[in-house]
Amino acid sequence: MDNWLLYVIIVAAIGIGWWLGRRDKDKTSEVVGPNYYEGLNYLLNEESDRAVSTFIENLEVNAETLETHLALGGLLRRRGELEKAVVVHENILAQAKLSRSDLQGVELELARDYLLAGLLDRAEELCVRLSQDPASKSDGVRRESLKITLEIYEREKEWAQAIEVAKLLAVGGESDHYEKAISHYYCELAEDQLKRGDLEGARVSIREAIGHDVNNPRTSLVRGRLDVKEGHYDNAITAFTRVRDQDAVYVPESLEDLEQAFVLDGRSQEELRHYLTSCLEQTPSISIVLMLAKSIRDELGDEAVSKFIANHLKKNPTIRGLTQLIDLHIDNTDGVAKENLAILRSFAEALVADKPSYRCHSCGFEGKRMRWHCPVCKDWASIKPIFGLEGE
Ligand SMILES: [Zn+2]
């Protein structure tokens with residue numbers, strides 16, 4: 001499709017160039033060279049490099065031809081030919097016979113080329129200048145340049161700078177979207193601070209994260225971990241158990257820390273089971289079932305836990321649950337039956353070995369590990385566990 005479009009755009013451009021040339025020739029009697037036909041030749045011979053350079057050398061940039069130049073640059077970028085896209089956009093700027101607002105539009109396109117090409121410094125410099133340009137009469141240009149700047153800071157993991165830019169964007173609309181992102185930037189900061197042992201800094205960051213999105217379940221996870229580090233196990237349990245009410249699908253992310261906090265605080269297993277059962281009513285997650293099973297087995301024995309898992313599997317069959325059930329029976333079986341169960345177990349394991357565990361609800365990206373930031377669509381908290389036979 002893109003090949004066909006490139007063909008159409010360059011042929012159209014050559015046609016426009018030929019027509020403009022003829023028109024100018026009528027006016028000025030200048031001779032028009034055969035370059036337009038040369039460009040067409042390169043294209044027919046599939047030499048798109050030379051076709052593009054012939055095109056930009058021969059079609060002057062002005063208000064009439066600007067859209068054609070922009071269409072070619074945009075198309076090259078979509079095809080991933082970023083170097084050529086940069087050449088086309090830089091060529092437009094070099095000729096500079098355009099209005100200020102047209103030039104700003106081209107600079108935005110060039111910044112997008114730089115961003116995709118990984119030339120983040122150049123993209124940042126261009127966008128910061130555009131967003132601060134007092135001549136930026138159009139709020140659209142300022143906003144678009146801020147959006148590109150935000151993407152640069154996200155890629156560079158410059159969370160403090162990302163927060164500043166997202167706050168500017170949140171004022172102008174889509175405030176829920178940016179408030180959610182700001183909450184995650186503060187969580188990123190808090191996680192870095194926790195790793196470095198800066199507990200005071202992490203406390204300040206997590207307070208801000210909650211302030212920007214009180215329903216962000218990640219804030220409870222980070223806050224709980226911080227409470228554990230400070231020895232406040234009771235507060236940690238309060239934080240971890242808040243995840244159920246914020247978004248129960250993220251409860252599995254809290255289980256390991258929650259179990260540890262229960263032990264450190266000396267709380268009863270019965271209380272833990274009570275909480276986990278209430279979570280299961282909201283989300284039939286096998287991770288929750290397995291933690292419940294562990295607690296039931298420790299206190300009530302193998303028979304009680306087999307019955308519990310089998311009951312859950314009848315309603316929500318999963319391969320991970322089946323594997324756990326087989327494990328319980330392997331321990332109490334001998335001889336051929338034990339060997340057969342071991343074969344069955346390896347089949348079950350092979351079935352889920354290469355399957356992704358998480359999926360982005362915005363773009364469909366799938367992965368094995370939990371991420372708060374989708375690497376493809378750049379959405380925050382759009383990745384969730386996959387439920388069903390091969391997943392949770
Ligand atoms: Zn995504």
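**One helix, one small sheet and a glycine**

Trainee: Which exposed residues are carried on the face of helix 18 turned away from its buried side?

Mentor: Keep in mind that this is a predicted model. A residue counts as exposed if 12 or fewer other C-beta atoms lie within 10 Å of its own. On the face of helix 18 turned away from the buried side, that description fits D327 and D331.

Trainee: Within what arc do the buried residues of helix 18 fall?

Mentor: Let's start with the residues themselves: G321, L322, Q324 and L325 are buried in helix 18. Looking down the helix axis, we find that they line one face, because they fall within an arc of 160 degrees.

Trainee: Which helices do those buried residues pack against?

Mentor: Helix 18 covers residues 319-331. Its buried residues have three helices as packing partners: helix 16, helix 17 and helix 19.

Trainee: Which strands stand at the edges of the sheet?

Mentor: Good one to work out from the order! The open sheet has 3 strands, paired antiparallel in the order 2-1-3. Each edge strand has a single partner, so one of its sides has no neighbour in the sheet; the two edge strands are strand 2 and strand 3.

Trainee: Which residue in strand 3 stands opposite C360?

Mentor: Strand 1, residues 358-360, runs antiparallel to strand 3, and 3 bridges join them. Opposite C360 in strand 3 you will find I383.

Trainee: Is G391 buried, exposed or partly exposed?

Mentor: First find G391 in the segment after strand 3. Beyond its neighbours within four places in sequence, G391 contacts S357, P385 and I386. Buried would take 20 or more other C-beta atoms within 10 Å. G391 has 18, so the label is partly exposed.

Terms used: Residues are numbered from 1 along each chain as its sequence is written. This is a predicted model: local features need pLDDT of at least 70, side-chain atom pairs count only at pLDDT 80 or more; totals for chains, interfaces and linings use all residues. Helices (H or I, at least four residues) and strands (E, at least two) are DSSP runs, numbered from the N terminus. Two residues are in contact if their C-beta atoms, placed from the backbone, lie within 7 Å. Two strands pair if DSSP finds at least two bridges between them. The expected span of a helix is 1.5 Å times one less than its number of residues. The arc is that of the directions from the helix axis to the C-beta atoms.
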